[in-house]
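Welcome, and take a moment to get settled. Let us walk through this structure together, from its overall outline down to single residues.

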Amino acid sequence: MFLVSEDAPTNMIVGAGAGVFQAAYVTLTQGILLTGDDLSVEGVAAHWDSIIDRTGEIVPQSGSEQSMTILSKLQGR
């Protein structure tokens, strides 16, 4: 009953199997801003290593945090 009680954690992903329980987390990498010819399928492929680089990744506390990171990249053009 804990996971459906008032004391249950929120914004969590819980994995369970064979008596083992785990917490999973959604993270966001810093990402990169693609422009011009790079703003394409080929550009994504060419910059994939930078896109998935986990250095400085964050665990967002809300959905709006992703939007804020995008705005930050756009303002830093």
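How many helices and strands does the protein chain have? It has 3 helices and 2 strands. Before going further, please keep in mind that this is a predicted model. If you follow the protein chain from the N terminus, the elements come in the order β-β-α-α-α. The radius of gyration of the protein chain is 17 Å, well over the 11 Å that the globule rule gives for 77 residues, so the chain is more spread out than a compact globule.

Other values add to this overall view. Along its principal axes, the C-alpha trace spans about 55 × 30 × 20 Å. Of the 77 residues in the protein chain, 4% count as buried; for a residue to be called buried here, its relative accessible area has to be under 20%. The protein chain exposes about 6400 Å², and carbon and sulfur atoms supply 57% of that area. As for contacts, if you take those in the protein chain with a separation of 6 or more, 51% of them are between residues 24 or more positions apart.

Now let us turn to the strands. Strand E1 covers residues 13-17, and strand E2 covers residues 20-24. The two run antiparallel, with 5 bridges joining E1 to E2. You can trace this pairing with your eye: Ile13 has Ala24 in E2 as its bridge partner, while Gly17 is matched with Val20 in E2.

What lies between these strands? The hairpin of E1 and E2 has 2 residues between the strands. One residue to look at is Ala18, which sits in the loop between E1 and E2. Ala18 is not a glycine, yet it has a positive phi of about 55°. Is Ala18 buried or exposed? With a relative accessible area of 88%, Ala18 is exposed, because that value is over the 50% cut-off for exposed residues.

Stepping back along the chain, you reach Asn11, in the segment before E1. Asn11 is exposed as well, at a relative accessible area of 72%. Asn11 and Tyr25 are 14 residues apart along the chain, and their C-alpha atoms are separated by 9.3 Å.

Tyr25 also takes part in a feature of the surface. Together with Met1, Phe2, Leu3, Val4, Met12, Val14, Phe21 and Val59, Tyr25 makes a nonpolar surface patch of about 1000 Å². Val14, one of the members of this patch, is found in strand E1. Val14 has a relative accessible area of 45% and is partly exposed.

Next, let us move on to the helices. Helix H1 takes in residues 41-46 and helix H2 residues 48-51, with His47 in the loop between them. His47 counts as partly exposed, at 24% relative accessibility. Which residues does His47 touch, leaving aside its neighbours within four places in sequence? They are Ile32, Leu34 and Asp38. By contrast, look across to Gly15: His47 and Gly15 are 32 residues apart along the chain, and their C-alpha atoms are separated by 32 Å.

Leu34 deserves a look of its own. Leu34 is placed in the loop between E2 and H1. Leu34 has a relative accessible area of 13% and is buried. Setting aside neighbours within four places in sequence, Leu34 is in contact with Leu39, Gly43, Val44 and His47. Ser50 is 16 residues from Leu34 along the chain, and the C-alpha atoms of these two residues are separated by 11 Å.

Our last stop concerns charged side chains. How many salt bridges does the count come to? The count comes to 1 salt bridge. In it, the side chains of Glu57 and Arg54 meet at 2.9 Å, N to O. Glu57 is partly exposed, with a relative accessible area of 27%, whereas Arg54 is exposed, with a relative accessible area of 55%.

To retrace the route, return to the protein chain with its 3 helices and 2 strands. Find the antiparallel pair E1 and E2, then the exposed Ala18, and finally the buried Leu34.

How values were computed:
Residues numbered from 1 in each chain as written. Predicted model: local features only at pLDDT ≥ 70, side-chain atom pairs only at ≥ 80, totals over all residues. Heavy atoms only, no water. Salt bridge = Lys/Arg side-chain N within 4 Å of Asp/Glu carboxyl O. Buried < 20%, exposed > 50% of the residue type's maximum accessible area, 1.4 Å probe, protein only. Patch = residues over 30% accessible without salt bridge, like charges linked within 9 Å, V, L, I, M, F, W, Y side chains within 5 Å. Areas by Shrake-Rupley, 256 points an atom, 1.4 Å probe, with all protein chains shown as cover. Helix = DSSP H or I, 4+ residues; strand = E, 2+ residues; numbered from the N terminus. Rg over C-alpha atoms; globule rule 2.2 N^0.38 Å. Contact = heavy atoms within 4.5 Å. Pairing = 2+ DSSP bridges.
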